[in-house]
Amino acid sequence: MSTPSVVITGLGAASPLGLNTEQLWEGLLNGRCGIDRISAFDPVKFPCQIAGQVPDYKIRDFIPKTYRKAAKLMSRDIELTVIAALDAVTNSGWVTQAIDPDKVTLDPTRTAIILGAGLISCDLEELAPSVAASVTDGEFDLKKYGQDGLPLVTPLWLLKYLPNMLACHVSILHDIQGPSNTITCAESSGLLAVAEATQIIQRGSSDIALAGGAEAKVNPIVYMRQCLTDRATNQCNDNPTQACRPFDATATGSVFGEAGGVLVLEKADLAQQRGARIYAEIAGIGQSSCINKDFSRLEPEAKGITIAVEKALQAAGITADHLDLIIPHGTGVPADDLAEAKAIQKALGNAASDIPVWCTKGLLSNTGAAAGALDLIGASLAMQNKTIPATANVNQIAEGCDLNIVTETQERSIRYALCCSYTYGGQTAAVVLKRR
């Protein structure tokens, strides 16, 4: 029995460029940067004081009135997922319980949900009273925390911060009753979630799936970690739009942010039968795991990326010269960008220097578990619009990064596109899209 083709029929995003996919694409196409000074908390004591933040919103505008009490148990990560999922389902043309309970068209028992999640850091205000009550002679006292501090933490506190709660809330809102899973592999989570959702449909366990990822990295705990590991740039606080410079010779580090990205996947014959708009086909998937001994940095040759890209091309049944677009991870951390460029060059050979490369993080920032999903959305829209937007902030390509980075918008027919990502934990992922 042949493996069914899986296609993308819905795109949803909540990103630093806006609260839907249309705003995301408009921003990417016009070079509008979503990076600015942090407003979520006072960053004055931080070396890096800028981030990619989602525009202001009220979550009640994106959920039914009957579900608003549950919003009290939503972390920022969950809220971004809910917004992106609603955008994706609406965009796909399916009608779910959350859209119109009297006109549901989606079969909930044949629908899966696979989402990527990152490290969901709590709001400090929620834990501060319990910590303050647990101090003895100026030091934190674990025994006192158990006696006096812990009772000050609301019993439902943990429900806001479990990574599986992203998929949980979306599945309840849209009445999704098929397979559900959560991928917690940092920046690779979004691509890995799409990969697993594709495989679930291919093996017949579902006909439709929501897949992607979300993460809110604009949090003092998360940001301090990135600053302490020297991943965040500290030289562009007064010039945020120029701060993130993937593969550029003057890059000084990454900028972190928040976003949610969700795609609707379904069997190709189902999409054709209902006359759905098909953005692209999931043509090939590649995954690997190869960790550097220095866990805070990508291994110098990024062998894992090479393996993932090679596997994705093999699964798609194509060679490197079939590719018309590459969206790399490209964070703006010089050593990591160089390693990724070398890995792509090794996987693609001589073709690597000719294939157009479009980097998105100069406008979006590094949005963690959402990053891969946003890149797939960008690649799908580039295919649909036959346009590759310009990569922001690349004026001089760094030595050794021999990639054909697009610095001016190009009109181009895209048959195959490659997206890839990596984590410092060693996980890598690559997805090849095909135009239908």
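**Figure 1. Glutamate 126, partly exposed at 26% relative accessibility, and its salt bridge with lysine 160.** This close-up, like those that follow, comes from a predicted model. The closest N and O atoms of glutamate 126 and lysine 160 are 2.7 Å apart. The two partners come from distant parts of the chain, 34 residues apart: glutamate 126 belongs to helix H3 (residues 124-132), while lysine 160 sits in the loop between helix H4 (142-149) and helix H5 (165-174). Lysine 160 counts as buried, at 12% relative accessibility. As background, side chains of opposite charge can pair when their charged atoms come close. The structure holds 9 salt bridges, and further examples appear in the next two views.

**Figure 2. A salt bridge between aspartate 207 and lysine 267.** Here the N to O distance is 4.0 Å. The pair links distant parts of the chain, with aspartate 207 in the loop between H6 and strand E8 (208-216) and lysine 267 in strand E9 (residues 258-267), 60 residues apart. Lysine 267 is partly exposed, its relative accessible area being 23%.

**Figure 3. Arginine 412 meets aspartate 324 in a salt bridge.** The side chains come to 3.9 Å, N to O. Arginine 412 lies in the loop between strand E15 (410-411) and strand E16 (416-422), and aspartate 324 in the loop between helix H9 (303-316) and strand E11 (325-327), so the pair ties together parts that are 88 residues apart in sequence. Arginine 412 is partly exposed at 30% relative accessibility, whereas aspartate 324 is buried, with a relative accessible area of 14%. To come back to the residues of the previous view, salt bridges with shared partners join Asp207, Lys267 and Arg110 into one network.

**Figure 4. Helix H6 (residues 189-202) and its surroundings.** From its first C-alpha to its last, this helix of 14 residues reaches 20 Å, close to the 20 Å expected at 1.5 Å a residue. Of its 14 residues, 11 are buried, so H6 is largely enclosed by the rest of the structure. Among those buried residues are Leu191, Leu192, Val194, Ile200 and Ile201, along with Ser189 and Thr198. Just after H6, follow the backbone to glycine 204, where phi is positive, at about 90 degrees.

**Figure 5. Two alanines with a positive phi, alanine 186 and alanine 302.** Most residues other than glycine have a negative phi, which makes a helpful backdrop for this pair of views. Alanine 186 has a phi near 50 degrees and is placed in the loop between strand E7 (180-183) and H6. Alanine 302, with a phi of about 45 degrees, is in the loop between strand E10 (280-289) and H9. Their surroundings can be read from accessibility: alanine 186 is partly exposed at 32%, whereas alanine 302 is buried at 1%.

**Figure 6. The buried and exposed faces of helix H1 (residues 21-30).** Thr21, Leu24, Trp25, Gly27 and Leu28 are the buried residues of H1. They span an arc of only 165 degrees around the axis, which puts them on the same side of the helix. The face turned away from that buried side carries the exposed residues Glu22 and Asn30. Look for what covers the buried residues: the cover includes strand E1 (6-14), helix H2 (76-92), helix H11 (361-364), helix H12 (371-385) and strand E13 (387-388).

**Figure 7. Leucine 263 within the largest nonpolar core.** This core has 69 residues, and those with the most contacts inside it are Ile8, Tyr223, Leu263, Leu265, Ile282 and Leu433. Leaving aside residues up to four places away in sequence, leucine 263 touches Ile8, Gly10, Leu11, Val194, Ala209, Leu210, Ala211, Ala373, Leu376 and Ile377. Another core lies apart from this one; it has 38 residues, including Met74, Ala84, Ile176 and Ala216.

**Figure 8. Cysteine 168 and cysteine 419, neither in a disulfide.** The structure holds 0 disulfides. For cysteine 168, the closest cysteine sulfur is that of cysteine 122, 20 Å away and therefore too far for a bond. Cysteine 168 is partly exposed, with a relative accessible area of 26%. Cysteine 419 has its nearest cysteine sulfur in cysteine 420, at 7.6 Å. Cysteine 419 itself is buried, with a relative accessible area of 1%.

Note on methods
Residues are numbered from 1 along each chain as its sequence is written. This is a predicted model: local features need pLDDT of at least 70, side-chain atom pairs count only at pLDDT 80 or more; totals for chains, interfaces and linings use all residues. Side-chain values use heavy atoms; hydrogens and water are left out. A disulfide is a pair of cysteine sulfur atoms within 2.5 Å. Buried means under 20% relative accessible area, exposed over 50%, partly exposed in between (1.4 Å probe, protein chains only). Helices (H or I, at least four residues) and strands (E, at least two) are DSSP runs, numbered from the N terminus. The expected span of a helix is 1.5 Å times one less than its number of residues. A nonpolar core is a set of buried Ala, Val, Leu, Ile, Met, Phe, Trp, Tyr and Cys residues joined through side-chain atoms within 4.5 Å. Contact means heavy atoms within 4.5 Å. The arc is that of the directions from the helix axis to the C-beta atoms.
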